[in-house]
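Please look over the model shown here before reading on. The points below are meant for someone who has not met this structure before.

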Amino acid sequence: MLDSIDEAIVRELRKDARLQNKDLAERVNIAQSTAVVRHRALRERGVITGYHAEIDLGAIGRPVQAMLALKIRPHTKEIVDPFMAYVLSLPETLALSHVTGPEDFLVHVAVSDVGHLQRLVLDKFTSRREVTEVHTNLLFSHVRKY
C-alpha cells in the first residue's frame, strides 16, 4: 500500500522519470532528504522497477502502429512460453499481453508502412504452426496517460 506521498512521487516520476530530486521534492511538497529516502524505498520495495526513454516511432522509421489479436493452439505452457519469447524477440514488437477472451495474445507493433505490417503478419505470425487466427487493427493514435 502506498500513502499519499508515495502516490504523489510515483505520479510525478511517471510523468518524468528524469526528474531531479529537488524538483521532485518541490512538486510533492516534501523536503529533499525525504524525497531521496522515499524514492529509494520505492525502488527497494519493487514499486519502481525501472526507467525508460519515450521514443518517437516516426523518427526511427516506424510510424505505423497496430494491435494484433492472436489465437494459438494448443494453448499450453509448452507452446505459450516459447511463443511469447519469439514475439518479444521481433524488433517490431512494442508490447505483448497474454489475455483471456476470444484471443490469447495482444501484440502492439510498430512498422514502417502497411506493406511492412502485411509482411510481418504473413511472414512472422500466420506462418507459425501454433497461430490459428490473427486480427489486425491499425491504430489511428496511441496516447499514454503519463
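The notes start with the annotated domain and its helices, then turn to the sheet.

1. The model is predicted, and what follows should be read with that in mind. The UniProt record, an unreviewed entry, places the feature "domain: HTH asnC-type" at residues 2-63. Over that stretch the chain is 53% helix and 0% strand. The C-alpha atoms at its two ends are 37 Å apart.

2. Helix H3 covers residues 32-44. At 1.5 Å a residue, its 13 residues should span 18 Å, and the end C-alpha atoms are indeed 18 Å apart, so the expected and computed values agree. After H3 comes Gly46, whose phi is positive, near 85°.

3. Which residues of H3 are buried? They include Ala35, His39 and Leu42. Viewed down the axis of H3, its buried residues fall within an arc of 60°, so they line one face of the helix. Helix H1 (4-15) and helix H2 (21-28) are among the elements that cover them. Ser33, Val37 and Glu44, on the other side of H3, are exposed.

4. The sheet is open and has four strands, in the order S2-S3-S1-S4, with antiparallel pairing. Its edge strands are S2 (93-98) and S4, each of which pairs on one side only. From one strand to the next the twist averages 20°.

5. Why is strand S1 described as largely enclosed by the rest of the structure? S1 spans residues 64-72, and eight of its nine residues are buried, meaning under 20% relative accessible area, so the strand is largely enclosed.

6. S1 has a partner on each side in the strand order. Seven bridges join S1 to the antiparallel strand S3 (residues 105-111), and in this pairing Leu70 stands opposite Phe105. S1 also pairs with S4 (residues 131-138) over seven bridges, again in the antiparallel sense. Across from S1 residues, Asn137 of S4 stands opposite Met67, and Glu133 of S4 stands opposite Lys71.

7. Two helices lie across the sheet strands. Helix H4 (residues 77-89) lies across S1, S2, S3 and S4, and runs at about 160° to S2. Helix H5 (residues 114-125) lies across S1, S3 and S4, and runs at about 165° to S4. Strand S1 is thus listed under both H4 and H5.

Conventions. Residues are numbered from 1 along each chain as its sequence is written. This is a predicted model: local features need pLDDT of at least 70, side-chain atom pairs count only at pLDDT 80 or more; totals for chains, interfaces and linings use all residues. Side-chain values use heavy atoms; hydrogens and water are left out. UniProt positions are given in the numbering used here, feature names are shortened, and annotations may be inferred rather than shown by experiment. Buried means under 20% relative accessible area, exposed over 50%, partly exposed in between (1.4 Å probe, protein chains only). Two strands pair if DSSP finds at least two bridges between them. Axes are lines fitted to C-alpha atoms, for helices over the stretch in contact, and angles run from 0 to 180 degrees between N-to-C directions. Contact means heavy atoms within 4.5 Å. The expected span of a helix is 1.5 Å times one less than its number of residues. The arc is that of the directions from the helix axis to the C-beta atoms.
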